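Work through the exercises below with the sequence and the model open. Try each task before reading its solution.

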Amino acid sequence: MPKTVDPQLEAIVEPVCRAHGVELVLIQRVTEHGQAVLRVTIDRPGSEEGPGLGVSLADCQAVSRDLGPAFDAEDSALERAIGGSFRLEVSSPGVDRPLVKLTDFERFAGRTVKVQLETPLDEGRRKLEGTLMGVDGEMVRLEVDGSELQLPHAEIARANVVYEFD
């Protein structure tokens with residue numbers, strides 16, 4: 001499951017997102033061209049009616065601008081999580097939105113998703129595509145080829161919504 005780099009880092013980023021009326025989807029630390037990159041993915045919160053409406057460039061800029069002072073105030077946590085200088089990227093989740101939290105799997109029920117598991121199923125399959133049926137406790141329900149599977153949330157390495165063209 002794509003996890004936040006560090007819980008302390010999430011504790012810095014999440015309040016900034018909330019202050020701007022957006023939700024933190026995912027924090028990833030990657031290396032590009034030898035430089036550390038901290039990717040913060042945000043989205044507009046959904047409701048009982050369905051997924052959020054997405055974020056604007058202005059939302060991304062505002063969160064990015066306010067993360068600077070938040071990071072400066074938490075130097076020690078940031079140093080432990082990232083280990084030096086980095087480039088910050090704040091973006092929307094895009095059309096193939098990652099599903100990370102159990103609430104994501106609930107909110108996007110009914111949509112087609114791709115799921116990659118940490119451990120293969122009994123028949124050796126690790127990559128699945130099907131209709132997301134929702135969540136039951138810590139289990140993600142997925143209909144694949146007419147059969148419903150119950151997948152432990154902790155075993156999901158990666159999950160994304162599949163964008164369907166009209």
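**Exercise 1. Is Val95 buried or exposed, and which surface patch does Val95 help to make?**

Step 1. Take the relative accessibility: Val95 has 53%. Step 2. Apply the classes: buried means under 20% relative accessible area, exposed over 50%, and partly exposed in between (1.4 Å probe, protein chains only). Val95 therefore counts as exposed.

Step 3. Place the residue. Val95 lies in the loop between β3 (87-91) and α4 (102-107). Helices (H or I, at least four residues) and strands (E, at least two) are DSSP runs, numbered from the N terminus.

Step 4. Find the patch. Val95, Tyr163 and Phe165 make a nonpolar surface patch of about 380 Å². Patch residues have over 30% relative accessible area and no salt bridge; like charges are joined within 9 Å, and nonpolar side chains (Val, Leu, Ile, Met, Phe, Trp, Tyr) within 5 Å. A salt bridge is a side-chain nitrogen of Lys or Arg within 4 Å of a carboxyl oxygen of Asp or Glu. Areas come from the Shrake-Rupley method with a 1.4 Å probe, and for residues only the protein chains shown count as cover.

Two notes on the numbers. This is a predicted model, where local features need pLDDT of at least 70, side-chain atom pairs count only at pLDDT 80 or more, and totals for chains, interfaces and linings use all residues. Residues are numbered from 1 along each chain as its sequence is written, and side-chain values use heavy atoms, with hydrogens and water left out.

**Exercise 2. List the elements of the protein from the N terminus on.**

Step 1. Count them: the protein has four helices and eight strands. Step 2. Read the order: α-β-β-α-α-β-α-β-β-β-β-β. Step 3. Add the burial: 39% of the 166 residues count as buried.

**Exercise 3. What is the strand order of the open sheet of three strands, and how do its strands pair?**

Step 1. The order is β1-β2-β3, with mixed pairing. Two strands pair if DSSP finds at least two bridges between them.

Step 2. Find the edges. β1 (23-32) and β3 each have a single partner strand, so one side of each is left without a neighbour in the sheet. Neighbouring strands here are turned by 20° against each other on average, direction ignored. Axes are lines fitted to C-alpha atoms, for helices over the stretch in contact, and angles run from 0 to 180 degrees between N-to-C directions.

Step 3. Take the first pairing. Nine bridges join β1 and β2 (residues 35-43) in the antiparallel sense. Thr31 faces Ala36 of β2, and Glu23 has Asp43 as its bridge partner. Two residues separate the strands in this hairpin, where His33 takes a positive phi near 55°.

Step 4. Take the other pairing. β2 and β3 run parallel and share five bridges. Thr41 has Ser91 in β3 as its bridge partner.

Step 5. Check burial. β2 is largely enclosed by the rest of the structure, because seven of its nine residues are buried.

**Exercise 4. Trace β6 in the open sheet of five strands. Which residues form its covered face?**

Step 1. The sheet order is β7-β6-β5-β4-β8, with antiparallel pairing. The edge strands are β7 (147-152) and β8 (156-161), each pairing on one side only. The twist averages 40° from one strand to the next.

Step 2. Look towards β5. Strands β5 (residues 127-136) and β6 (residues 139-144) run antiparallel, joined by five bridges. Val135 stands opposite Val140, and Thr131 opposite Glu143. In the turn of this hairpin, Gly137 has a positive phi of about 65°.

Step 3. Look towards β7. Six bridges join β6 to β7. Val140 has Leu151 as its bridge partner there. In this hairpin Asp145 takes a positive phi near 50°.

Step 4. Sort the faces. In a regular strand the side chains alternate between the two faces of the sheet. Val140, Leu142 and Val144 form the covered face of β6; Met139, Arg141 and Glu143 form the uncovered one.
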